[in-house]
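User: Could you take a close look at one part of this model for me? I would like a connected walk through what surrounds it and what else stands out.

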Amino acid sequence: MSENIGKIIGINGNLLTVEFEKPVTQNEVAYAMRGDLRLKSEVIRVRGRHAELQVFEETTGLREGDAVVFTGELLSVELGPGLLGQVFDGLQNPLPKLAEKCGFFLQPGVYLDALPRDRRWAFTPIAKVGQVVRPGDTLGTVPEGIFSHRIMVPFALSKERNWTVDSVAMAGEYAVEDVIARLRNERNETVDVRLVQRWPVKIPIRAYEERLRPTEPLVTQIRIIDTMFPVARGGTYCIPGPFGAGKTVLQQLTSRYADVDIVVIAACGERAGEVVETLREFPELQDPRTGRTLMERTLIVCNTSSMPVAAREASVYTAVTIAEYYRQMGLNVLLLADSTSRWAQALREMSGRLEEIPGEEAFPAYLESVIAAFYERAGLVRLYDGSMGSVTIGGTVSPAGGNFEEPVTQSTLKVVGAFHGLSRERSDQRRYPAIHPLESWSKYESIVPAEQVALARGVLFRGNDVSQMMKVVGEEGTSIEDFVTYLKAEYLDAVYLQQDAYHPVDAATPPTRQRYVFDRIVRILKTKMSFESRDAARRFFQRLTQVTKDWNRSEWESGEFREIEGRINKMVAEVADYA
Amino acid sequence: MHKVYHRIERIAGNVITVHATGVGYRELAQVTSPRGTSLAQVIRIEGGRVDLQVFAGSRGISTDSQVRFLGHTMQVPFSDALLGRIFTGSGQPRDGGPAIYENLIEIGGPSVNPAKRIIPRNMVRTGIPMIDVFNTLVESQKLPIFSVAGEPYNPLLARIALQAEVDLIILGGMGLKYDDYLFFRDTLEKEGALSRSIMFIHTAADPVVECLLVPDISLAVAEQFALQNRRVLVLLTDMTNFCDALKEIAITMEQIPSNRGYPGDLYSQLARRYEKAVDFDTAGSITVLAVTTMPGDDVTHPVPDNTGYITEGQFYLRNGRIEPFGSLSRLKQLVNARTREDHRTIMNTMIQLYASYKETLEKQAMGFRMSQWDRKLLKYGQLFEERMMDLRVNIPLERALDLGWEILAECFEPEETAIPTRLIEKFWPRQRAEIETASAQPATVGT
Ligand SMILES: Nc1ncnc2c1ncn2[C@@H]1O[C@H](COP(=O)(O)OP(=O)(O)OP(=O)(O)O)[C@@H](O)[C@H]1O
Ligand SMILES: [Mg+2]
C-alpha cells in the first residue's frame, strides 16, 4: 500500500488545513513534515477534500505546501508492564528519557517508546492451549513492582470471533515486544500476543462483565472529605475553586494518602513545578501500605501549561486509558486530573480556530457531553474472572473569576458524585483544606455514622445562621445559647474540618482515628453547656480548640494522645450543664 | 534570495495581508513603506494568503509597500555585551549604543522538560516582612504584583530587585510611562546595578505590537544566561498592557473572544511566558516578578484571573501595603520549614488573628459594643499594620519573627492564639511581665 500524503494549505496556530487525495479517517494520526521533523497531529474535521488537523506541537516554521503523512491509526497508547513509576507527556513520551536524548528542552517531533524495549519481564503462563478466550482474559502474568501484572488478550480483538489459544510461551524472561501467545479464531486467522498492546485513547476499555454502583468508601485520610463529603471507589468527584484556594495541594495529599492500589496523575495544563514536586519527592517517600516507594504505585501524565495545547486534550485521555488498563487487573485506580478546565480551554481554542458556533463563554456547544463522557470512564467493574476493579476520577476545575456559574463547573457538577467546592473566603482565612462545609455535597456513604454527620452539619448550619445574625444585631443582641452554638460550629471547623497538611501526624487521619475523634467531638457538640458570659464562653472554646489541636498533632493512641483526651474530657465536664 | 512582494491586499488594524507562497508559520518579514521599515510576523496562512502583524503598526503602509520575507523567526543577540544596555521591544538599541549582532538566538523557544527541573529551595530575602515572613519569595518563582493604577508597584519592583541576591536583572517594560522608564534606569544606575542589568523597554509611546515581543525577548535572553549557571531575575511591567496588545490583534483577526474581549488562548499565552521561570537541574535559574495592574481593582478581570491561575502566588498591593489577604506565595512552604522553627506558626497565627481583627472592624463600623476580645483584636490589628505591614519597614526575617511574638504578647494571652504549646513555651516573650514588674519596682523604692 502506498502512503497517504496530503499537502498543507493553511496554518492558524496549531490548526492545519490539509488537502488530501486518498480517504482519511476522523481522529486518525498524521504527521506534518517540517524538513526531517515529523510533527504528530490528529484529524479533527473533514470538509470536502480538506482535512483539518490539530498539531500536538508548535507549528512554527511549517510552510504552506509541506507534506502531511496520514497513518490511518487512531491516537493510541502502549499498554504493558513498565508503565508504573513513569512520567509521560500527553502523548506518552517518557520525559526522563526525552531529557537524556534532547537535554533541557522539549524538542518538537521527537517520539520515544513508552515502554522500555530492552527490559525483560518474568512471564508465568496461565492460559492453556485450546482454551477459549475473550479480549481481556488473562494469558499469563508478570510481576511489576508489588503487582501481578496481567498479560491479557488484546482488547482490540473482535469479540464476535471465538478465539482459542494456539500456543503460550513457557515461563521465562521476555521483553515487551516478544510474542507470548498465539490465538486463532474460527476463520483460522491467527494473532500474536505480546506483553505490550495498543489501544486508542478516546475509546473506553470495556472488557469486563458488568459495571456496578460504587458503594465502598475511598479513604483519603482527609477528615472533611472522608467524614463529610466522601468519595467512593469507582466514583467521581470534582474540586472547583478559584486560583490559590488549594486544589492542587488537595490532590497532592490525596495522591499520597489515598487508600488505592495505583494513582494516575494527569497534570493537565498546570504548572510544571507542581509535577516536579511529585516527581522528585515520591521516589523518596515510603508507602506505609507496602513499604515500597510511593513512586512505584504512581504514574504521571503531564502536559503542563507551556507545553503544546492540543496534547493537553490528549493527556487526560492517555491518563484515563492507562487507569482503565490497570482496572482490568482487578486493581483500584485513582485518576487525579488537574485541571479539567485547561483541557476544556484546549477544546475552546480548537473550536475557535475551526470557527464553530460558540456556546457560553466561547466554549464549544459539545463541552457538556465531552465532560460527561470523560467522567463516565470511571466506575467499579466486575471482571470476567469475578474480581473487582475500579477507576475513581477526581478532577479539579478552575472557573474564571472563581465563579462556579460557568460552563465547565456546571457541566461537571451534573455528572459527578461528590462536589468539594473550595472557597476564597476560607483560603484567605487559611482555613485549609478550604472545602466549603455548607455548599459541598457527596452522594456517597461516609466512614462515620450518618446521624453523626447530620448532627455536625446541623451545628455548622445553625452556627452560620447565628454568625449571619450577629452581623446585624451584634454580639450583645445574641443570646448566650445561640452564641455557644456559633462557638461550637467554629470549634468543629477548627479542630476537625481544618487539617494541617504540613504536620507529620495531622496531615493524614486514618479511618479508625477519624471515627474515634469524630465521635468524641460530636459528643462535645451535643453537650449542653452553661457560661456566665459570652466572653467566658469564648475563652473556654479558645482553650478547648488549642488543646484539641494539640490532640490532633499527637500520635494515635500514644500516652500523649490519652493524656490530652483526658484533659479535654475534664474541660468539657467543667462547663457541662446537666440540668 | 528571499522573495519580495509588492502588493498588499488588505490592511486592517496592525495586520496586513499579502499573497505569497512558501512562507513559514511565524516567519519574519521586513515591511518597507515611505514611512520607514518595520518588522512583521506571519500569524496565519490560508490558501496562499498570508497575514502578518506589523510591529511598528500599519499606519503609513500603502498597498504597494514592499514585503520581504526573512526566512527565520524573531531573533535576539545574546552575549555579555548586552549587560548594562537598553533596547526597544524589538531589540534595537535605545541607549544610543551600538547594535549587537553576535550569537543570534530564536525567541519563544520550546519549554523546559519537567524532568530537568528541580524543586526550588532558596529563599530570596527582601527585608520586607510582608514578603519574608508571610509570603516568602523563592528563587525560580513566578510571581506578579497585583495592583491598581497609582500604587507604587514599580518602586516596589525596583526595591525587591535591588535587595535580592541575583547575578543578573532583566527588565522588560511594556507600555511603560516614560517617567517610569527613567525611574528604573536611574535607580539601577544609582544603586550600581546597571552593569548587571539588561533592559528591553517598550514605552506607552511606542507601537503597540512591539509590546508583544518584550516578554519573549527578555525571557529568551534570561534563559541563555541561566543555562550558563547564572541566577537571573526578570522583571516584567506591566503584563496587563501585554494582554491588551494580544486582545487587539485577536480582535483584528476576528477571533471569537471568550471573556471581555480577550482571546480564548489568553491563559496559554501567559503560561508560555511565565513558565519560563525555572530552577535548572545542574544550571542556573530564572525568577520572574511581574506587575499586573487590575482594571477597576477587580481580581476577577480576565488578566489578573488568568495570571493567578498560572503564577505561583501573587503580592496584592493596595493602599501602599502588601495585603495579607489575597497575597500568597505558593512556594513558601518549600523554604519556610528551614528558616526558623516558629516561622510557619507566626505566619499562620498572625494572619488568622488579623482576619478576626477585620471582622471586628466590621462590627465596630456597625456600631456594635466591643467585647473584651474585640478590644484585644483592635489593638493587635493596629500594631500589626504599623509595625509589620508598612512598606517602609526594612528588617531581616529573624527580627521580623521576633517582632511578631512581641506584638502577640502585647495583645493576647498565649492560649488565645491557638499556637502549639511547645512553641509557646519556647518563644512566648515571658520577660514582658517580668520586665514590667522589674521596672515597676525601682519606682516603688523611689517613693
Ligand atoms: N491544605 C493546605 N494546607 C496549607 N496550605 C495550603 C493548603 N492548601 C493550599 N494551601 C496554600 O495555598 C497555596 C495554593 O494552593 P494550590 O496550589 O493547591 O491552589 P490551587 O487551587 O491549585 O490554585 P490554581 O488554580 O492556581 O492551581 C499553597 O501553595 C499553599 O501555600
Ligand atoms: Mg493548582
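User: Does Glu425(A) count as buried or exposed, and at what relative accessibility?

Analyst: Happy to help, and please keep in mind that this is a predicted model. Glu425(A) counts as exposed because its relative accessibility is 52%, and the cut-off for that class is over 50%. Along chain A, Glu425(A) sits in helix H9, which covers residues 424-428. Glu425(A) also belongs to a negative surface patch, together with Glu439(A), Glu359(B) and Glu362(B).

Let us turn from charges to aromatic rings. Over all chains, the whole structure holds 40 aromatic pairs. In one of them, the ring centres of Tyr317(A) and Phe374(A) are 6.5 Å apart and the planes meet at 85 degrees, so this pair is edge-to-face. Tyr317(A) comes from helix H5 (residues 309-327) of chain A and Phe374(A) from helix H7 (residues 367-375) of chain A, so the contact ties together parts 57 residues apart in sequence. Tyr317(A) and Phe374(A) are both buried.

Chain B offers another edge-to-face pair: Tyr5(B) and Phe69(B) have ring centres 5.7 Å apart, with planes at 80 degrees. Here strand E1 (residues 4-5) of chain B supplies Tyr5(B) and strand E7 (residues 66-69) of chain B supplies Phe69(B), so parts 64 residues apart in sequence are tied together. Tyr5(B) counts as buried at 14% relative accessibility, and Phe69(B) is buried with a relative accessible area of 3%.

Finally, ring pairs in chain B also build a cluster, linking Phe134(B), Phe325(B), Tyr354(B), Tyr357(B), Trp373(B), Tyr380(B), Phe384(B) and Phe412(B).

Key. Residues are numbered from 1 along each chain as its sequence is written. Chains are lettered from A and ligands numbered from 1 in the order in which they are written. This is a predicted model: local features need pLDDT of at least 70, side-chain atom pairs count only at pLDDT 80 or more; totals for chains, interfaces and linings use all residues. Side-chain values use heavy atoms; hydrogens and water are left out. Patches are made of residues with over 30% relative accessible area and no salt bridge: like charges are joined within 9 Å, nonpolar side chains (Val, Leu, Ile, Met, Phe, Trp, Tyr) within 5 Å. Accessible areas come from the Shrake-Rupley method with a 1.4 Å probe; for residues, only the protein chains shown count as cover. A salt bridge is a side-chain nitrogen of Lys or Arg within 4 Å of a carboxyl oxygen of Asp or Glu. Lys and Arg count as positive and Asp and Glu as negative; His and the chain ends are not counted. The place of a charge is taken as NZ of Lys, CZ of Arg, CG of Asp or CD of Glu. Helices (H or I, at least four residues) and strands (E, at least two) are DSSP runs, numbered from the N terminus. Buried means under 20% relative accessible area, exposed over 50%, partly exposed in between (1.4 Å probe, protein chains only). Rings of Phe, Tyr and Trp (its six-membered ring) pair if their centres lie within 6.5 Å; planes under 30 degrees apart count as stacked, over 60 as edge-to-face and the rest as tilted.
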